[in-house]
Every structure is written in C-alpha cells, then in structure tokens.
Amino acid sequence: MEVMFKEQRHSDFTIICRNEKESKEIPVHKIILSARSPVFAAMLEPHTEEAKTNKVVYEDIDYEVC
C-alpha cells in the first residue's frame, strides 16, 4: 500500500487543496478512499459531481491539512 501511495501510479482521483498562496494536487485511488472513509465512499457514488469529474477541490485550506 505504501508503494502504491508513494508512486501514485494508476491513481484515478485527485484531491485539490487551494488557498490564497498555493494550489496542490494529490493523486489518490478511489478504492482506497472509499474503503477508509464513509464520507469519501458517499462522495464517490456514481451520481455525484466528484465521481463524474474524478476530483474534489477544497478551497481555503492548507496542503498540510488536506
């Protein structure tokens, strides 16, 4: 799992953290997010905007918090 996270190969979802200073993208795997978080599992249901665009954008948040 650690290798998969570090290499970010075959990532199929992006978490974007933005604030007034910077914007960072974190490539991740939907299956891992869904398995580890009921919030992400709900967010990634087929009818949601996040599932359709394969990304979620968090505004006004620091990268370290994301």
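Ten residues make up the largest nonpolar core of this predicted model, namely Phe13, Ile15, Cys17, Ile26, Val28, Leu33, Phe40, Met43, Leu44 and Val56. Strand β1 gives the most to this core, with three residues, while the structure also holds two salt bridges and a surface patch of negative charge in which Glu20, Asp60, Asp62 and Glu64 gather. The points below take up the core, the charged groups, the backbone and some pairs of residues in turn.

**Nonpolar core**

- In soluble globular proteins, nonpolar side chains tend to be buried together.
- The elements that each supply at least two residues of the core are β1, β2 (23-28) and α3 (38-43), and among these β1 is the one that gives the most, its share being three residues.
- Helix α3 also holds Val39, which, with a relative accessible area of 57%, is exposed because that value lies over 50%.

**Salt bridges**

- Side chains of opposite charge can pair when their charged atoms come close.
- One of the two salt bridges joins the side chains of Glu59 and Arg18, with a distance of 3.1 Å from N to O.
- This pair links distant parts of the chain, since Arg18 belongs to strand β1 (residues 13-18) and Glu59 to the segment after β3 (55-58), with their positions 41 residues apart in the numbering.
- Both partners count as partly exposed, Glu59 having a relative accessible area of 48% and Arg18 standing at 33% relative accessibility.
- Another salt bridge is formed by Lys24 with Glu22, and here the closest N and O atoms are 4.0 Å apart.
- Lys24, at 33% relative accessibility, counts as partly exposed, and Glu22, at 31%, likewise counts as partly exposed.

**Negative patch on the surface**

- The patch of negative charge on the surface brings together Glu20, Asp60, Asp62 and Glu64.
- Asp60, one of the members of this patch, is found in the segment after β3 and has 66% relative accessibility, so that it counts as exposed, the cut-off being over 50%.

**Backbone with positive phi**

- Most residues other than glycine have a negative phi, and most peptide bonds are trans.
- Asn54, a residue other than glycine, has a positive phi near 60°; its place is in the loop between α4 (49-53) and β3, where Asn54 is partly exposed with a relative accessible area of 30%.
- Asp60, although it is not a glycine, has a positive phi of about 55°, and this residue, found in the segment after β3, is exposed at 66% relative accessibility.

**Sequence separation and distance in space**

- Tyr58 and Arg18 are 40 residues apart along the chain, and their C-alpha atoms are separated by 6.2 Å; Tyr58 is found in strand β3 and is partly exposed, with a relative accessible area of 29%.
- Arg18 therefore appears in two of the relations described here, as the salt-bridge partner of Glu59 and as the residue whose C-alpha atom is separated by 6.2 Å from that of Tyr58.
- Cys66 has its place in the segment after β3 and counts as partly exposed at 34% relative accessibility, and from C-alpha to C-alpha it is 8.1 Å in space from Ile15, a residue 51 positions away in sequence.
- Ile15, the partner of Cys66 in that pair, is also one of the residues of the largest nonpolar core.
- Ser37 lies in the loop between α2 (30-36) and α3, and with a relative accessible area of 16% it is buried, because this value is under 20%.
- The C-alpha atoms of Ser37 and Ser11 are 17 Å apart in space, the two residues being 26 residues apart in sequence.
- For Val39 in helix α3, the C-alpha to C-alpha distance to Ser23 is 23 Å, with 16 residues of separation in sequence.

Key. Residues numbered from 1 in each chain as written. Predicted model: local features only at pLDDT ≥ 70, side-chain atom pairs only at ≥ 80, totals over all residues. Heavy atoms only, no water. Helix = DSSP H or I, 4+ residues; strand = E, 2+ residues; numbered from the N terminus. Buried < 20%, exposed > 50% of the residue type's maximum accessible area, 1.4 Å probe, protein only. Patch = residues over 30% accessible without salt bridge, like charges linked within 9 Å, V, L, I, M, F, W, Y side chains within 5 Å. Areas by Shrake-Rupley, 256 points an atom, 1.4 Å probe, with all protein chains shown as cover. Lys, Arg positive; Asp, Glu negative; His and termini not counted. Charge placed at Lys NZ, Arg CZ, Asp CG, Glu CD. Core = buried A, V, L, I, M, F, W, Y, C linked by side-chain atoms within 4.5 Å.
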